[in-house]
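Student: Could you take me on a close look at the largest pocket and the strands around it? I would like one connected account.

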Amino acid sequence: MKFSVRVAVLCTRGDRLLTNTEPGIGFHYLPGGAVTTDEDSATAAAREWTEETGLPPGPLRLVGVVESFFGPANHRQHEIGFYYHTPAPAELPDNPFTVQDNPGVTCHWLPMNDTESTPVYPLVIRDLLDVPPGEIRHIVNREG
């Protein structure tokens, strides 16, 4: 079993969520990445945001901690994810754009209503889109 600690950023603009996708994978995921040794999750979220968008992050508010268990039986993964919300900076384009540190990945604005029909992993992120200020959700997520 693989174990990882990651961060992800829920960036919203009106009723749309910024997601990443790659040609042919059939799903979307949030901007973010691995937390490095001796790095706290807020610093990692800010670093990942800047690496992917080229912009400094706005205020990052922790909205959830998700323990995810996923993958096929012979390659199970256990991931602890720290999920931060930030409003979209004005400089962020409305049209799809290429992730700065990974040219095979494209950022898209996905209407939040489409998160039911377009998979955004982990699927439980829908439960993190409306967390009120001052609250943090803890979710144990088992997929597959």
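**The largest pocket and its strands**

Tutor: Happy to! Please keep in mind that this is a predicted model. The largest pocket holds about 550 Å³ of space. Its lining is made up of 20 residues, and the closest to the pocket centre are Arg-6, Tyr-29, Phe-70, Glu-79 and Tyr-121. By type, the lining residues split into 10 nonpolar, 5 polar and 5 charged.

Now for the strands. At least two lining residues come from each of β1 (2-13), β4 (32-34), β5 (61-70) and β6 (77-87). Of the contributions to this lining, the largest share belongs to β1, with 5 residues.

Let us see how some of these strands are joined. β1 runs parallel to β6, and 11 bridges link the pair. One of the links places Ser-4 opposite Glu-79 of β6 as its bridge partner; Glu-79 is also among the residues closest to the pocket centre. On β6 there is a second pairing, this time with β5: it is antiparallel and has 9 bridges. Here Leu-62 has Tyr-84 in β6 as its bridge partner. β5 and β6 also make a hairpin, with 6 residues between the two strands. In that turn, Gly-71 has a positive phi of about 100°, a nice detail to check in your backbone plot. β6 therefore pairs with β1 in the parallel sense and with β5 in the antiparallel sense, while β1, β5 and β6 each supply at least two residues of the pocket lining.

Conventions. Residues are numbered from 1 along each chain as its sequence is written. This is a predicted model: local features need pLDDT of at least 70, side-chain atom pairs count only at pLDDT 80 or more; totals for chains, interfaces and linings use all residues. Side-chain values use heavy atoms; hydrogens and water are left out. On a 1 Å grid over the protein atoms alone, a cavity is a set of points where a 1.4 Å probe fits but cannot get out, and a pocket is an open set with protein on both sides within 12 Å along at least five of seven lines; lining residues have an atom within 4 Å of a point. Grid points are joined across faces, edges and corners, and a volume is the space filled by probe spheres set on the points. Helices (H or I, at least four residues) and strands (E, at least two) are DSSP runs, numbered from the N terminus. Ala, Val, Leu, Ile, Met, Phe, Trp, Tyr, Cys and Pro count as nonpolar, Asp, Glu, Lys and Arg as charged, and the others, Gly among them, as polar. Two strands pair if DSSP finds at least two bridges between them.
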